[in-house]
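Got a minute to poke at a structure together? Have a look, and then we'll go through it in questions and answers.

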Amino acid sequence: MDALLSFVIAKYNYWVVVLLIMIGLYAMIAKNNLVKKIIGMNIFQTAIILFYISIGAKKGATIPITFGEHGPPVAAADFINPLPHVLMLTAIVVSVATLGVALALALKVFRQYGTLEEDDIHSQIRKE
Amino acid sequence: MKSIALTVVLILGCLLVYVAQEFPGFGDPGAPANVHVSPFYIENAMRDTAVPNMVTAILADYRGFDTLFETSVIFTAGLACFFLLRVIRRRAPESRLYRHIPTDLTIRIEKGGRLPASSAEFQRIDSVWVPYDLIIHMTGRLIVPFIQLFALYVIAHGHYSPGGGFQGGVILGAAVILFALCNNLRMTVRRFSERTNALLCSLGVIIYAGTGVMCMLLGSNFLDYGALAGLLGVDRIMARSHGIMMVEIGVAIAVNAVMVWIYYNLSSVGRQDEGL
Amino acid sequence: MTEHFPALIVVGPLLAGLLIAAAGWFNRKACFPMAGLTLLWVLWMCIGLTLRVVTSGSIDYHLGGWAPPWGIAYRVDFLNGIVLVVVALVAFLNLLASWNSVEREMADKAGAFYSLYVLFTTGLLGMVVTADAFNLYVLLEIASLTAYALLGMGDGRSALSGLHYVFMGTIGASFYLLGVGYIYLVTGTLNMADIAARLPALYSNGTVLLAFILCMTGLFIKMALLPLHMWLPNAYANAPSLSASLIAPLTTKVMLYVMIRIGLNLFSPSFTFEISGLAPAMVWVAVIAIVAGSVMALFQKRLKRMLAYIVVAEVGYMVGGFWLGNRAAVTGAILHIVNDAMMTLCVFLAAALIVHRLRTDNFSDLKGLFRKMPFTMAAFVVGGLSIIGVPPLCGFFSKWYLISGGIIAGHYGFVAALLLSSLINAVLFFRIIEIGYFEPLPGSDGHHHEPPAKMDEAPLGMLVPLWAAAGLLLVLGVYSGDIATRIIQFAIPEAIL
């Protein structure tokens, strides 16, 4: 019981990430409204970003900025891993860009069909 | 549909949770990810590039090629929103609302009617018009310059504190969007036209790629800033620091312009006539 | 300068795309020549790189001057040299054909169109030449975003189909990113060669298997392998015809290349084919994809939708060929990447010309097309024969390798699916040829009410690239043996028999 509890607590970042992935993916597939699907897409991408960042954390370490040329020498264990942060700067920008394009397409759909609910749009398409 | 979605999501969730047993714990300094490549970056970033912020050093120097494409991704998003939404040739304008300033009357001119010539007495207002806007107008006017100053600070101090081109560029863009929200979209487009934005977008990414091409022309590989040492008159390490600064400026210009451009196209659904 | 080619093939079109977007605000007429010259230059560089690889072996390039695994590395070797050439060639030919259509449909946004076009090519070329797992994700997103915009731009249902493509594409790319995250978690590096060196010690770890499955699933979504193909028919059929003729030949093939690269060079062949245990199931999924794709193509009433389902079936060929795991089948899969890109370009471009003239692609409106547009239909027939697999056109040779690979592996279901699909393709194309030969029927009084259709061919600017593509099908067919023995044989690791 103790081992199970400590296992759950020691890796809680992964459980949060998995929960968010599940929520985001469910919203993208199951929801009817296009904007809710876009929000689900954003949640899904943010969960992956959180996953990468949590890989780079280190207990007892500080932010990855050195003290300047006159500071103490740099030891790797004192600073958190900067590489996932760099990768996720890119991923955040990519998710914003995808969000922009998805919203532009949703606006086009709204301009054409007058609604953002998928079943209304499909019934309009079937009537054409 | 919902039941299929629920099953797929639950299966995926169980799979991910099951595999997570073998993961290193949260914050473990001995994890493979923290042991293999990143100690090199942590120990050598200051020595190789004279930039204390390791994240900026990796972003713009060691993995600078990724960042070039990240900037072009954001450029593509701005271009795609323009391409998809922009309505350039419009037909005759639909009904418009005008306010007569001396008498505070609002008149509506329907499609096909004659519009008043621009005179000081008539002011065009948006269809969704908020009447009591004096406080918002004045507050925006006071805050926008400070936001822009802070953005320039964030860009310039990307070497020494968390910050850099992307963050500063977004704050700059936010300042212009705040201006557009406090006043109206037409005023903002008059001051900061769409063509200027589009050209600045391209210019920002061209600065970044151009720095890399210059390094190539001076003999080293693409984006090897050490080659700029002769041009800038400093040693190779400071040349890397200056090279990082140059690309960060390019990134900031591009991101700023793209944020404003996307706002113009999304908020007015391509017409750039009436915004939010 | 030639040692910088691996970087220039990606940076050159990137700079050109930016300059075209800027030039579009000043002088719209200059955008097309700029795009054309850039893609011609890129094609020349890709051919030069491939020839250098054939004579002197793989080429490595370190970006930023930093050696991997600390910097990003680019690598041109036997596998991606030919894919680079075919991507550049398809993009260039399609650009030549697009001028008339762009002038007619979106003249005031021509600068943005050509810029997105060139940026799409940049993303694909970068995906093929990179040797860094995360860099591949960034370039994948550039290619995807430009494709979303290019496909969503039409009228009709293209915005909704484009939005569905956005959702499916983002799920695929995010699964790939999550897979790379898992690989990073257990190895600590992102460079492909470094990962390949460190993974064998970890093959017993369940994380590695899940990373493999996630990366592959993400790629399967992006290459539209049944049952994850739902976005493809709508996206390609409702899009503007010249965007579809650019994106259809290239996207799925480059994703297949990435799958082969990950399966052979990132994870070792023994892991991919034996330890992971996925290979038998994947071949059966491919068989179902081939059969279902071909059968669904039979039910379509519009030309572009039929061609889109043929693309789905072709993806099944290559996936099945790869996962069979023997040398002949993998050679067939790689050769089919090159051949299928050309064949798909040929038929989609012919469909684009037909839509340009007739403004519709319903089968009922295609009557008498052989008289109205003889040259276009001739090229379409050549493309169709190649897809069916008639020698000496290129489609025959890659199918031959795939079938012999299936026989060597003893997987007769795959062989049967290939033969059935060829038969169904023959039915599909002969049906179109038959519709095209009939003229409108005479009226009830026995006289023709309209004079027989005059020739109303598509403009010359669109015909020349179409005929170049059709001619290349013959050239590729004649040289298939050379390509297979002198290039592809060295691309496949020794471990595969």
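Q: How many bridges join β1(B) to strand β3 of chain B?
A: This is a predicted model, where local features need pLDDT of at least 70, side-chain atom pairs count only at pLDDT 80 or more, and totals for chains, interfaces and linings use all residues. Residues are numbered from 1 along each chain as its sequence is written, chains are lettered from A and ligands numbered from 1 in the order in which they are written, and side-chain values use heavy atoms, with hydrogens and water left out. Strands here are DSSP runs of E with at least two residues, helices are runs of H or I with at least four, and both are numbered from the N terminus; two strands pair if DSSP finds at least two bridges between them. β3(B) covers residues 122-125 and runs antiparallel to β1(B), and the bridges joining them number four.

Q: Which residue in β3(B) is the bridge partner of B:L97?
A: Stick with the antiparallel pair β1(B) and β3(B). Opposite B:L97, the bridge partner in β3(B) is B:I125.

Q: Which residue in β2(B) is the bridge partner of B:Y98?
A: β2(B) spans residues 105-109 and runs antiparallel to β1(B), with five bridges between them. Four residues sit between the strands of this hairpin, and B:D104 takes a positive phi near 65°. For B:Y98, the partner in β2(B) is B:I107.

Q: Which strands of chain B stand at the edges of the sheet, and why is one side of each left without a neighbour?
A: The open sheet has three strands in the order β2-β1-β3, with antiparallel pairing. Its twist averages 35° from one strand to the next (axes are lines fitted to C-alpha atoms, for helices over the stretch in contact, and angles run from 0 to 180 degrees between N-to-C directions). Each edge strand has a single partner, so one side lacks a neighbour in the sheet; the edge strands are β2 and β3 of chain B.

Q: How many residues of strand β1 of chain B are buried?
A: Buried means under 20% relative accessible area, exposed over 50%, and partly exposed in between (1.4 Å probe, protein chains only). β1(B), residues 96-100, is largely enclosed by the rest of the structure, because its buried residues number four of the five.

Q: How are α4(B) and α11(B) oriented to each other?
A: Helix α4 (residues 54-62) and helix α11 (residues 236-267) of chain B pack with axes 10 Å apart, at about 85°. Angles of 65 to 115 degrees count as roughly perpendicular. The two helices α4(B) and α11(B) are therefore roughly perpendicular.

Q: Is C:N135 buried or exposed?
A: C:N135 sits in helix α5 (residues 133-152) of chain C. Counting contact as heavy atoms within 4.5 Å, and leaving out residues up to four places away in sequence, C:N135 touches B:R63, B:F65, B:D66, C:I72, C:Y74 and C:T130. Its relative accessibility is 0%, so C:N135 counts as buried.

Q: What area do chain C and chain A bury between them?
A: The contact takes 30 residues from chain C and 36 from chain A. Buried area is the accessible area (1.4 Å probe) that two parts lose on being put together, summed over both. With 80% of it on carbon and sulfur atoms, chain C and chain A bury about 2900 Å².

Note on methods
Angles under 35 degrees count as roughly parallel, over 145 as roughly antiparallel, 65 to 115 as roughly perpendicular and the rest as oblique.
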